[in-house]
Amino acid sequence: MTQTDSKCEHITVHTVTQTSPCPILSCVEKAPKYAHVSLIPVADSDQSSCNQPSASGVLQDVHISPLLMEDFLELARENTEKDLETCGVLGAFLTHPSQSCFMSSIDLHTHFSYQAMVPEAFAIVMAPTDQSRSYGIFRLSDPGGMSVLKECEESGFHPHGEPADGSPIYEHCANVFTNTNLRFEIFDLR
């Protein structure tokens with residue numbers, strides 16, 4: 001599958017491919033002043049910390065393309081139809097084909113390693129059959145959720161205890177924004 005969109009005037013590139021990665025894997029550029037940047041809304045959140053900054057301090061803002069989640073779902077469609085989860089590498093980027101939008105214990109453990117290295121890391125959970133919330137952008141609460149996962153030695157699906165500080169184990173990200181001028185490329189290496 002190959003899809004390419006581009007605009008010459010102010011360089012907007014949108015590519016989805018299933019071939020080997022090109023030599024340039026990432027590009028960082030300052031968005032022009034006319035770019036549309038918006039906070040990603042949290043729909044019907046059951047997390048009490050919704051859009052609140054983490055206790056650990058100030059996180060850097062992270063900008064993603066609004067097309068990123070849509071294109072990832074398209075690549076995951078075949079697996080979703082077979083009720084198979086699809087994972088991508090962007091911190092954690094995954095689907096829950098027939099479940100609601102939440103972070104399972106396996107998702108939490110997977111994401112812990114990313115967030116331990118990069119505090120701004122976040123997990124995007126896509127739940128295409130969840131009628132109340134088709135996606136969520138989450139991070140482990142810090143220090144609460146991070147401490148629980150650091151101490152956990154279990155594997156597979158299992159419950160986690162409450163963080164000692166009373167915070168939820170994970171929370172919605174308040175530092176992730178969509179930016180219409182960002183370029184991105186998805187590589188499907190299946």
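This briefing describes selected helices and strands and the contacts among them. The structure is a predicted model. Helix H2, residues 105-117, and helix H3, residues 144-151, have axes that come within 10 Å of each other, and strand pairings are described for E7 with E8 and for E4 with E10.

**Helices H2 and H3**

- The axes of H2 and H3 cross at roughly 110 degrees, and because angles of 65 to 115 degrees count as roughly perpendicular, the two helices are described as roughly perpendicular to each other.
- The crossing that H2 makes with H3 is left-handed.
- On the H2 side, the residues that meet H3 are Leu108, His109, Phe112, Gln115 and Ala116, while on the H3 side the residues involved are Met146, Leu149 and Lys150.
- By character, the residues of this contact between H2 and H3 comprise five nonpolar, two polar and one charged.

**Burial in H3 and the position of Ser113**

- In H3, the buried residues are Gly144, Gly145, Met146, Val148 and Leu149, and the elements that cover these buried residues include H2 and E8.
- Met146 and Leu149 are among the buried residues of H3, and both are also among the H3 residues that meet H2.
- Ser113 lies in helix H2, and Ser113 is classed as partly exposed because its relative accessible area of 37% falls between the limits of under 20% for buried and over 50% for exposed.
- Ser113 is separated from Leu149 by 36 residues in sequence, and the C-alpha atoms of these two residues are 9.4 Å apart in space.

**Strands E7 and E8**

- Strand E7 covers residues 123-126, with Ala123 and Val125 pointing one way and Ile124 and Met126 pointing the other way, and all of these residues are buried.
- E7 is joined by four bridges to strand E8, residues 135-140, and the two strands run antiparallel.
- Within this pairing, Val125 has Gly136 in E8 as its bridge partner, and E8 is also one of the elements that cover the buried residues of H3.

**Strands E4 and E10**

- Strand E10 covers residues 176-179, with Val176 and Thr178 pointing one way from the strand and Phe177 and Asn179 the other way, and all of these residues are buried.
- Strand E4, residues 62-64, pairs with E10 in the parallel sense, and this pairing extends over three bridges.
- The bridge partner of Val62 in E10 is Val176, a residue that is itself buried.

Key
Residues numbered from 1 in each chain as written. Predicted model: local features only at pLDDT ≥ 70, side-chain atom pairs only at ≥ 80, totals over all residues. Heavy atoms only, no water. Axes fitted to C-alpha atoms, helices over the stretch in contact; angles between N-to-C directions. Parallel < 35°, antiparallel > 145°, perpendicular 65-115°, else oblique. Left-handed = near helix turned anticlockwise from the far one by under 90°. Contact = heavy atoms within 4.5 Å. Nonpolar A, V, L, I, M, F, W, Y, C, P; charged D, E, K, R; others polar. Buried < 20%, exposed > 50% of the residue type's maximum accessible area, 1.4 Å probe, protein only. Pairing = 2+ DSSP bridges.
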